[in-house]
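Welcome, and thanks for bringing your viewer along. Load the model, pick a representation you like, and follow the stops below.

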Amino acid sequence: MNTFASSLICSVCGGVLTSLKPLENVSDWKCLKCEQTLPATKVLPMFLLARSQLESLDKKCVGKCEKFLRDHESTLPASSVIMADVKYALCLLYGNVPGYYYEG
């Protein structure tokens with residue numbers, strides 16, 4: 001559906017890597033821009049690492065959430081489910097955490 005919610009950013013050209021068969025865990029992945037193809041064995045560890053880091057992330061700390069986004073912006077598209085999870089946590093924090101109040 002072209003949401004790229006479960007995609008990666010291509011390390012070659014910056015395009016979007018998507019699964020050729022999204023309903024199969026062991027499908028190859030292909031960049032929509034440069035057409036580079038990667039096997040699932042290369043792609044899945046990247047997702048597992050990001051998911052592991054997400055699970056251990058302190059989502060009550062603005063700085064750590066912002067750092068997570070910076071650290072993963074070169075590998076995960078902005079629309080990634082993982083990135084969206086952290087962005088949502090930041091939405092709840094901004095304006096509610098000391099040092100991040102709006103004083104306009």
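Where does S80 lie? Select S80 and you land in the loop between α2 and α3. Before you zoom in, keep in mind that this is a predicted model.

**Stop one: around S80**

Switch on a surface and look for S80. Its relative accessibility is 1%, and because anything under 20% counts as buried, S80 is buried. Now show its side chain, which reaches the backbone nitrogen of I82 at a distance of 3.2 Å. Next, add F4 and A5 to your selection: S80 is in contact with both, once its neighbours within four places in sequence are set aside.

**Stop two: the largest pocket**

Move on to S6, S7, S19, P22 and W29. Of the 20 residues that line the largest pocket, these five lie nearest its centre. The space in this pocket comes to about 520 Å³. Colour β2 (16–19), α1 and α3 (81–93) next, as these are the elements that give two or more residues to the lining. The largest share is that of α1, with three residues. If you colour the lining by residue class, you will find ten nonpolar, eight polar and two charged residues.

**Stop three: confidence**

Finally, colour the protein chain by pLDDT. The average is 92, and 97% of the residues score at least 70. Among the elements, select helix α1 (residues 40–56) for the lowest mean, 93, and then helix α2 (residues 62–72) for the highest, 97. A general reminder for any model: where pLDDT is low, the predicted coordinates should not be read in detail.

Key
Residues numbered from 1 in each chain as written. Predicted model: local features only at pLDDT ≥ 70, side-chain atom pairs only at ≥ 80, totals over all residues. Heavy atoms only, no water. pLDDT = per-residue confidence, 0-100. Helix = DSSP H or I, 4+ residues; strand = E, 2+ residues; numbered from the N terminus. 1 Å grid on protein atoms, 1.4 Å probe; cavity = no way out; pocket = protein on both sides within 12 Å on 5 of 7 lines; lining within 4 Å. Points joined across faces, edges and corners; volume = space filled by probe spheres on them. Nonpolar A, V, L, I, M, F, W, Y, C, P; charged D, E, K, R; others polar. Buried < 20%, exposed > 50% of the residue type's maximum accessible area, 1.4 Å probe, protein only. Polar contact = N/O pair within 3.5 Å; in protein donor to acceptor, adjacent residues only side chain to side chain. Contact = heavy atoms within 4.5 Å.
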